[in-house]
Every structure is written in structure tokens, then in C-alpha cells.
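This report describes how the parts of one protein chain are arranged. Please keep the sequence and the structure in view while reading.

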Amino acid sequence: MIELITLENYCNQLLAADSFDDYCPNGIQVEAGTTVGKLMVGVTASQALIDAAAEWGADALLVHHGYFWKGEPQPLRGIKGQRIATLYRQGISLLAYHLPLDAHEAFGNNRQLGNHLGLPQAEASTAGQGLVWTAEFAQPQSPQTLNAKLAEVLGREPLHIRAERPQIKRLGWCTGAAQGYIDQAAALGLDAYISGEVSEPTVHLARELDIHYFAAGHHATERYGVEALGRHLAERHQLEWRFCDIENPV
């Protein structure tokens with residue numbers, strides 16, 4: 001058991017949360033209790049995840065995608081109102097970490113994706129405010145081999161926008177909705193770039209930049225960071241914890 005505010009302070013310091021100009025507040029977003037003994041962890045604070053946390057008897061929910069994003073309506077009504085009402089009724093506090101969890105050198109989404117791809121030597125580059133990570137294969141890989149590896153690791157077939165170059169030596173990635181960094185990835189001289197999502201203009205950019213682009217899934221690429229953080233918090237603070245993966249094909 002740990003005080004909720006103590007858990008938040010630890011996470012804020014660990015993830016350097018105050019150093020990010022983020023699209024949402026990081027830390028406690030809903031304070032529905034004062035202590036945490038059971039911690040549920042998941043990617044997005046959807047109603048399905050909240051209901052799973054309530055059924056398990058969680059005291060707090062830790063997510064990557066929480067609430068109160070810039071530009072969204074402020075009133076607590078409709079779907080957002082229902083979600084937050086459920087948290088208060090069930091006494092479940094909500095903690096969310098967005099960019100700090102993408103960037104962290106040990107528990108971040110980008111680090112964890114590199115680890116799962118068998119690239120522990122990966123490191124943050126200067127591109128994308130340091131959110132684009134890079135690594136080199138010991139031996140060049142065919143695009144088909146990388147595509148198969150992503151499908152195996154993430155449990156979904158990525159959308160591969162092909163380049164002319166036949167092999168991949170230098171690889172870059174940024175999890176989630178980071179297709180906008182493809183220009184910076186190409187400027188780094190990378191052979192391939194992985195992110196979560198793709199749009200119509202990105203297809204043309206990838207082809208004209210001659211860089212392999214893999215849209216591997218927003219949810220899928222950001223599944224491992226929050227799980228790693230939850231495991232660390234449970235071990236350090238002797239919490240009961242559970243990772244709940246709500247399936248999302250996007």
C-alpha cells in the first residue's frame with residue numbers, strides 16, 4: 001500500500017514529467033482515493049478498461065492515454081463524463097503519462113519497442129524532440145524480414161509502404177501517432193521508419209523520400225511502455241498489479 005500522492009511524486013520524478021510541454025496533464029487526473037494497493041495498468045482509459053479495473057477491485061488505474069487533451073470539449077458529459085463518473089463511483093484514481101512515457105530511457109514506449117525488436121542498443125536521436133529512436137542491425141535485413149518481425153512482436157500485420165532500397169541497415173521509430181516525423185527520419189539517413197499510424201500524404205512522402213515506412217499500429221506500438229512502468233512500480237512499492245490489454249486494431 002502506498003499513498004496516491006507519493007506514487008504520483010515518484011512517477012513525476014522518475015519520468016521527468018514537468019520537463020514536457022504536453023498535450024494533456026501528466027500525473028493524477030482523477031483523485032478518487034488516497035491510497036493504492038492494487039494497480040491496474042493499460043494503454044487507454046476507455047470504459048472497457050475502467051470496467052475491468054473495477055471488476056478486479058483496483059485502487060488506481062495507470063495509463064498512457066488519459067483525459068483532458070488540448071482542444072477537446074471541457075464539460076464532463078457524454079462518454080467522458082460516464083468514464084469519470086465510473087472512476088469516482090468505484091473509488092479508482094487515474095494516473096496518466098503521455099510524452100514522458102514515450103521518451104523515458106528505460107520504461108518508455110520507444111525503448112521498450114526497441115527491446116522487443118531485439119535492439120537493446122537503440123538510443124534517442126535529435127529528431128522529433130528526441131522522440132525518434134534509432135538503431136542499426138548487425139546484418140542488413142530485408143524489408144520482408146522486418147515486416148515479419150513486427151507482426152510477430154506486435155501481434156498484427158503492419159502496413160508497409162515500400163522503398164526502392166532492397167535492404168534495411170539503419171532503422172528508426174517513434175511509437176503512436178508520429179508519422180509526422182518521417183521527414184526527420186529520412187534526414188537522419190535511415191533506411192526504414194516505424195510508427196503507429198499512417199495517412200494518405202505519408203504514403204507519398206515515404207515513396208518520394210525512398211524510405212521504408214511501417215505503420216505498425218498506434219495501440220500496438222504503445223503497449224509495452226506502460227506495462228514496463230507498472231511492473232517497476234509494483235516491484236518497488238510492493239503493489240499488486242495487473243496489465244489489461246483492451247484489443248484495438250488501430
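## Salt bridges around Arg165

Arg165 has a relative accessible area of 24%, a value between the 20% below which a residue is buried and the 50% above which a residue is exposed, and therefore counts as partly exposed. The model in which Arg165 is found is a predicted one. Arg165 forms a salt bridge with Asp210, and the closest N and O atoms of the pair are 3.7 Å apart. Arg165 belongs to the loop between β9 and β10, whereas Asp210 belongs to the loop between α8 (200-209) and β12, so this pair ties together parts that are 45 residues apart in sequence. Asp210 is also partly exposed, at 24% relative accessibility.

The pairing extends to a further residue: Arg165, Asp191 and Asp210 are linked in a network of salt bridges. In general, side chains of opposite charge can pair when their charged atoms come close.

## Other salt bridges

How many salt bridges does a search of the whole structure find? The search finds seven. One of them joins Arg170 to Glu136, with the closest N and O atoms 3.5 Å apart. Arg170 lies in strand β10 and Glu136 in strand β8, so the pair ties together parts separated by 34 residues in sequence. Both partners count as partly exposed: Arg170 has a relative accessibility of 27%, and Glu136 has one of 42%.

Glu72 and Lys80 also form a salt bridge, in which the closest N and O atoms are 2.9 Å apart. Are these partners buried or partly exposed? Glu72 counts as partly exposed, at 28% relative accessibility. Lys80, by contrast, has a relative accessible area of 14% and is buried, because the limit for a buried residue is under 20%.

## The sheet of six strands

Strands β8 and β10, which hold Glu136 and Arg170, belong to an open sheet of six strands. The order across this sheet is β7-β8-β10-β11-β12-β9, and the pairing is mixed. Why do β7 (123-124) and β9 (159-161) each have one side without a neighbour in the sheet? These two strands stand at the edges and have a single partner strand each, so one side of each is left free of a neighbour in the sheet.

At one edge, β9 pairs with strand β12 (residues 212-215) in the antiparallel sense, over three bridges. Within this region, Leu159 stands opposite Ala215 in β12. Helix α6 (residues 143-154) lies across β8 (133-141), β9, β10 (168-173), β11 (192-195) and β12, and runs at about 15° to β12.

## The sheet of five strands

Another open sheet has five strands, in the order β2-β6-β5-β4-β13, and its pairing is mixed. The edge positions are taken by β2 (27-30) and β13 (240-243); each has a single partner strand, so one side of each is left without a neighbour in the sheet. On average, neighbouring strands of this sheet are turned by 30° against each other, direction ignored.

The partner of β2 is strand β6 (residues 93-96), and the two pair in the antiparallel sense over three bridges. Val30 stands opposite Leu94 in β6. Strands of a sheet pair through backbone hydrogen bonds, either parallel or antiparallel.

## The nonpolar cores

The largest nonpolar core contains 22 residues, of which Val36, Leu39, Leu62, Leu95, Tyr97, Leu229 and Leu233 touch the most other members. Two or more residues of this core come from each of α1 (4-14), β4 (38-44), β5 (60-65) and α10 (223-237). Which element gives the largest share? That element is α10, which contributes five residues.

Leu233 touches Leu7, Tyr10, Cys11, Leu39, Leu62, Gln238 and Leu239, when residues up to four places away in sequence are not counted. Apart from this core lies another one, of 20 residues, among them Leu113, Trp133, Ala192 and Ile194.

## Helix α10

Helix α10 is mostly covered, with twelve of its 15 residues buried. The buried residues include Tyr224, Val226, Leu229, Leu233 and His237.

At 1.5 Å a residue, the 15 residues of α10 should span 21 Å, and the C-alpha atoms at its ends are 22 Å apart, which agrees. The residue that follows α10 is Gln238, whose phi is positive, near 55°. Gln238 is also one of the residues that Leu233 touches.

Notes
Residues are numbered from 1 along each chain as its sequence is written. This is a predicted model: local features need pLDDT of at least 70, side-chain atom pairs count only at pLDDT 80 or more; totals for chains, interfaces and linings use all residues. Side-chain values use heavy atoms; hydrogens and water are left out. Two strands pair if DSSP finds at least two bridges between them. Helices (H or I, at least four residues) and strands (E, at least two) are DSSP runs, numbered from the N terminus. Axes are lines fitted to C-alpha atoms, for helices over the stretch in contact, and angles run from 0 to 180 degrees between N-to-C directions. A nonpolar core is a set of buried Ala, Val, Leu, Ile, Met, Phe, Trp, Tyr and Cys residues joined through side-chain atoms within 4.5 Å. Buried means under 20% relative accessible area, exposed over 50%, partly exposed in between (1.4 Å probe, protein chains only). Contact means heavy atoms within 4.5 Å. A salt bridge is a side-chain nitrogen of Lys or Arg within 4 Å of a carboxyl oxygen of Asp or Glu. The expected span of a helix is 1.5 Å times one less than its number of residues.
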